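The following exercises ask the reader to work through one structure step by step. Each task is followed by a worked solution.

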Amino acid sequence: MRLLLRESLIAFRRAPLLSALSIITIGFALYAVSLFGLVAVNLRAALHSVEQRVEVVAYLLRGTPAETVALASQDIAAFPEVKRVTFVSEDEALRLARRELVEFRDAYRDLTVNPLPASLEIELRDGYQDAEHTAAVADRLRGYGFVDDVRYGREWIENLDRLRNIAALVGLSIGIAFAAVAIVIIGVTIRIAVLQRAREIAIMRLVGATNGFIRGPFLLEGALKGLFGGLLAVGLCYGTYQLFRGQVALATSGIIFLSPRLLALGVVFGILIGFGGSAVSVGRHLRNV
Amino acid sequence: MIRFSRVSKDYPKGAALREVSLHVAKGEFVFLTGHSGAGKSTILKLVYGEIHPTGGDVRVSGFNIAELSPRDRPRLRRRLGIVFQDFRLLDDRTAEENVAFALEVTGARSETISPRVMRVLTQVGLAAKAHAYPQELSGGEQQRVAIARALVNDPAILIADEPTGNLDERATRGVFQLIREINASGTCVVMATHDLDLVRQTSYRTIELRDGSVVFDSGAEDSRQGETE
């Protein structure tokens, strides 16, 4: 193990420029992936905040007994799609309308009879805020005899669905493309490092080194380069995030950074690419010499 | 120790060896001579398992080279010492580290490495320059380091491919004397050379190659002769 570590570190000492270039290349390749990840994460967060506003409102017939509504509320709350059911009485609806609909404040103030019906506001759980599930919940609500009307902004939810699908498709395609480009760039970089040490590999074989012995330091070296490249990418990404946030603070106050889990995943991805790229490059080299 | 039976080796550009048969016994010293392209290096490459024969049978220290697997190759190499004209030392390691490296790859215990390295460096006359880097050594000294590296695993056979090709006359004499001493201690030596003066100085067995065929073998009858000058 000590020998393995020593041999790996010797590679850094022997070709510091090439090692640094490898790390920088890996770093920038992963930086591009991370930047894309940052955009994807923020897009997802934005979509999620829009999704939170998906709500089904069931307007109740006047005179529906409170016990009936309470029982039905419990029933509805037990739907798998439903997160929360809130009863809004007629009076509360009027109060809310007076508070929120400022332009109609005068009209509402002069009312002698409350024209607004009581309602059940139903929030949906994460993952159920799409057109299909919303329509299903709305249909079930219509089945209650005391429900007069159900509204959930069908068109708006369908548009949200479309946006979500486009975001997922584009995200996946561009993400894969970025990752593929990163893998190719990193693979080429590591291949150059292996070729640069072809003479040393030949000497190692000459004195009876097994392929496993030759491979070991390269794999560790590749993993270390991947680790440093990954950390560089995290640093660059954070720098860019801070710079961007500082430049357009107001407009982008909602921008979030990658979670520690995603950052760790990025670094692990770097280590795996470094390790895998080295395994492929040195393996191919050993087969061909 | 080494046995070639009707061995051929073809490359895309032509035949390098044509039905070569020879036998080198334990402890023997054999010169391989001939012009460039005659097949000397091909024979040596077959001996250390760098290439496989196209036809015939090559046996080296119990290994069948035609069937040598990637797993067996390191095991074969550890029984051989190999020296080249261009030394093939690692430039960023000292003489001592270069020699130790050959032991480290075999998984030798770390506490045994240093004494064994110093023993062979003393044997080749370079104990005082153990901490010198290759570029700080003369050509002859670099070749001695390469020989020390070849010897450190106590090989049964020393393969030397033009070991004096890059050396001046004085260094050539020193290195050749060293190789003779190694042979005298019981190690079989197969040495390819262009230097006919070296060959004439001794009465070691000489195999001359031309166009991939053996055209002369001074020890064909008794391959164990040739200990004396």
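Two residues are in contact if their C-beta atoms, placed from the backbone, lie within 7 Å. The model studied here is predicted.

**Exercise 1. Describe the interface between chain A and chain B.**

Step 1. Count the residues on each side: 14 residues of chain B are in contact with 12 residues of chain A.

Step 2. Assign the residues of chain B to elements. On the side that touches chain A, α2 (72-77) and α3 of chain B each give two or more residues. The largest share, three residues, comes from α3(B).

Step 3. Sort that side of chain B by class. It has seven nonpolar, one polar and six charged residues.

**Exercise 2. Determine how far helix α3 of chain B is covered, and by what.**

Step 1. A residue is buried if 20 or more other C-beta atoms lie within 10 Å of its own. By this criterion, eight of the 10 residues of α3(B), which spans residues 95-104, are buried.

Step 2. Name them: B:Ala95, B:Glu96, B:Asn98, B:Val99, B:Ala100, B:Phe101, B:Ala102 and B:Leu103.

Step 3. Identify the packing partners. The buried residues of α3(B) pack against α4 (110-123) and α5 (139-151) of chain B.

Step 4. Place the helix in a wider setting. B:Val99 is among the residues with the most contacts inside the largest nonpolar core, which has 72 residues. B:Ile159 is another of these residues, and its contacts include B:Leu44, B:Val47, B:Tyr48 and B:Val190.

**Exercise 3. Analyse the packing of helices α2 and α10 of chain A.**

Step 1. Establish the geometry. Helix α2 (residues 16-51) and helix α10 (residues 260-288) of chain A pack at an angle of about 145°, and their axes are 11 Å apart. The crossing of α2(A) with α10(A) is right-handed.

Step 2. List the residues that meet. From α2(A) come A:Ile26, A:Leu30, A:Ser34 and A:Gly37, while α10(A) supplies A:Leu262, A:Gly266, A:Gly270 and A:Gly274.

Step 3. Classify the contact: three residues are nonpolar, five are polar and none is charged.

**Exercise 4. Reconstruct a sheet of chain A and locate the helix on it.**

Step 1. Recall how strands associate. Strands of a sheet pair through backbone hydrogen bonds, either parallel or antiparallel.

Step 2. Write down the strand order. In chain A, four strands form an open sheet in the order β2-β3-β1-β4, with antiparallel pairing. The edge strands are β2 (82-88) and β4 (147-151) of chain A, each of which pairs on one side only.

Step 3. State the turn between strands. Neighbouring strands of this sheet are turned by 20° against each other on average, direction ignored.

Step 4. Examine one pair in detail. Six bridges join β2(A) to β3(A), which covers residues 119-124. A:Val82 has A:Leu124 in β3(A) as its bridge partner.

Step 5. Add the helix. Helix α3 (residues 66-77) of chain A lies across β1 (55-60), β2 and β3 of chain A, and runs at about 160° to β2(A).

**Exercise 5. Carry out the corresponding analysis for a sheet of chain B.**

Step 1. Give the order: an open sheet of four strands in chain B is arranged as β2-β1-β4-β5, with antiparallel pairing. Its edge strands are β2 (14-24) and β5 (63-64) of chain B.

Step 2. Inspect the pairing at one edge. Strand β4 (residues 55-60) of chain B and β5(B) are joined by two bridges, and B:Val60 is paired with B:Phe63 in β5(B).

Step 3. Place the helix. Helix α1 (residues 40-47) of chain B packs on the sheet and touches β1 (2-11), β2 and β4 of chain B. The direction of α1(B) makes about 115° with that of β1(B).

**Exercise 6. Describe the hairpin formed by β9 and β10 of chain B.**

Step 1. Determine the pairing. Strand β9 (residues 205-210) and strand β10 (residues 213-217) of chain B are antiparallel and share four bridges. The bridge partner of B:Ile207 in β10(B) is B:Asp217.

Step 2. Examine the turn. Two residues lie between β9(B) and β10(B), and B:Asp211 in the turn has a positive phi of about 50°.

Technical notes. Residues numbered from 1 in each chain as written. Chains lettered and ligands numbered in written order. Predicted model: local features only at pLDDT ≥ 70, side-chain atom pairs only at ≥ 80, totals over all residues. Axes fitted to C-alpha atoms, helices over the stretch in contact; angles between N-to-C directions. Left-handed = near helix turned anticlockwise from the far one by under 90°. Nonpolar A, V, L, I, M, F, W, Y, C, P; charged D, E, K, R; others polar. Buried ≥ 20, exposed ≤ 12 C-beta atoms within 10 Å, placed from the backbone. Pairing = 2+ DSSP bridges. Core = buried A, V, L, I, M, F, W, Y, C linked by C-beta atoms within 7 Å. Lists of a residue's contacts leave out its neighbours within four places in sequence.
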